[in-house]
Amino acid sequence: RKITHRDTGIHRAVKRLDLSLVTSDEELDRLLDEIKIMCCLDHPNVVCLEEVYEGENELFLTQKLCEGGDLFDRLEDQSNFCYTEAGCARLIN
């Protein structure tokens, strides 16, 4: 979902995670560990997680807005389904 910061006008993407679907403490710990890892990623071909907001039963993850479609859809449209990181990067540029 596309959102716009009220003060700066910057567009971001937000993903809502419904925590009521998490069935165990172990599953919640794995989810939170993955979010922590995503916050630390710094790579030109990986969309970085910007901010995380916590609601009563949900988490909201904000990240840079990438327009132009889903990488997986573009990969499926290619005849050869074996790609290197560099090949994927060329598809999205």
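Before I start, one definition that I will need later: a residue is called buried when its relative accessible area is under 20%, exposed when that area is over 50%, and partly exposed in between. By that scale V46, with a relative accessible area of 34%, is partly exposed because its value falls in that middle range. Please keep in mind throughout that what we are looking at is a predicted model.

Let me turn to the sheet. Here 4 strands form an open sheet, and if you read across it the order is β1-β2-β4-β3, with antiparallel pairing. At the edges stand β1, which covers 2-4, and β3, which covers 49-54; each has a single partner strand, so one side of each is left without a neighbour in the sheet. On average, and ignoring direction, neighbouring strands of this sheet are turned by 35° against each other. As general background, strands of a sheet pair through backbone hydrogen bonds, either parallel or antiparallel.

Now for the individual pairings, beginning with β1. This strand runs antiparallel to β2, residues 11-18, and 3 bridges join the two; within that pairing, I3 has R12 in β2 as its bridge partner. The hairpin of β1 and β2 has 6 residues between the strands, and in this hairpin G9 takes a positive phi near 80°. On to the next pair: β2 and β4 are antiparallel over 7 bridges, and V14 stands opposite T62 in β4.

What lies across these strands? Helix α1, residues 25-40, lies across β2, β3 and β4, the last of these being 58-64, and the helix runs at about 145° to β3.

One residue of the helix deserves a closer look, namely C39, whose place is in α1. Is C39 buried, exposed or partly exposed? With a relative accessible area of 40%, C39 is partly exposed, because that value lies between the 20% and 50% limits I gave at the start. If we leave aside its neighbours within four places in sequence, C39 is in contact with L49 and V52. C39 and E50 are 11 residues apart in sequence, while from C-alpha to C-alpha they are 7.0 Å apart in space.

Finally, I come back to V46, the residue from my opening, which is found in the loop between α1 and β3. Which residues make a nonpolar surface patch together with V46? The other two are I37 and L41, and the patch made by I37, L41 and V46 is about 240 Å².

Key: Residues are numbered from 1 along each chain as its sequence is written. This is a predicted model: local features need pLDDT of at least 70, side-chain atom pairs count only at pLDDT 80 or more; totals for chains, interfaces and linings use all residues. Side-chain values use heavy atoms; hydrogens and water are left out. Two strands pair if DSSP finds at least two bridges between them. Axes are lines fitted to C-alpha atoms, for helices over the stretch in contact, and angles run from 0 to 180 degrees between N-to-C directions. Contact means heavy atoms within 4.5 Å. Buried means under 20% relative accessible area, exposed over 50%, partly exposed in between (1.4 Å probe, protein chains only). Patches are made of residues with over 30% relative accessible area and no salt bridge: like charges are joined within 9 Å, nonpolar side chains (Val, Leu, Ile, Met, Phe, Trp, Tyr) within 5 Å. Accessible areas come from the Shrake-Rupley method with a 1.4 Å probe; for residues, only the protein chains shown count as cover. A salt bridge is a side-chain nitrogen of Lys or Arg within 4 Å of a carboxyl oxygen of Asp or Glu.
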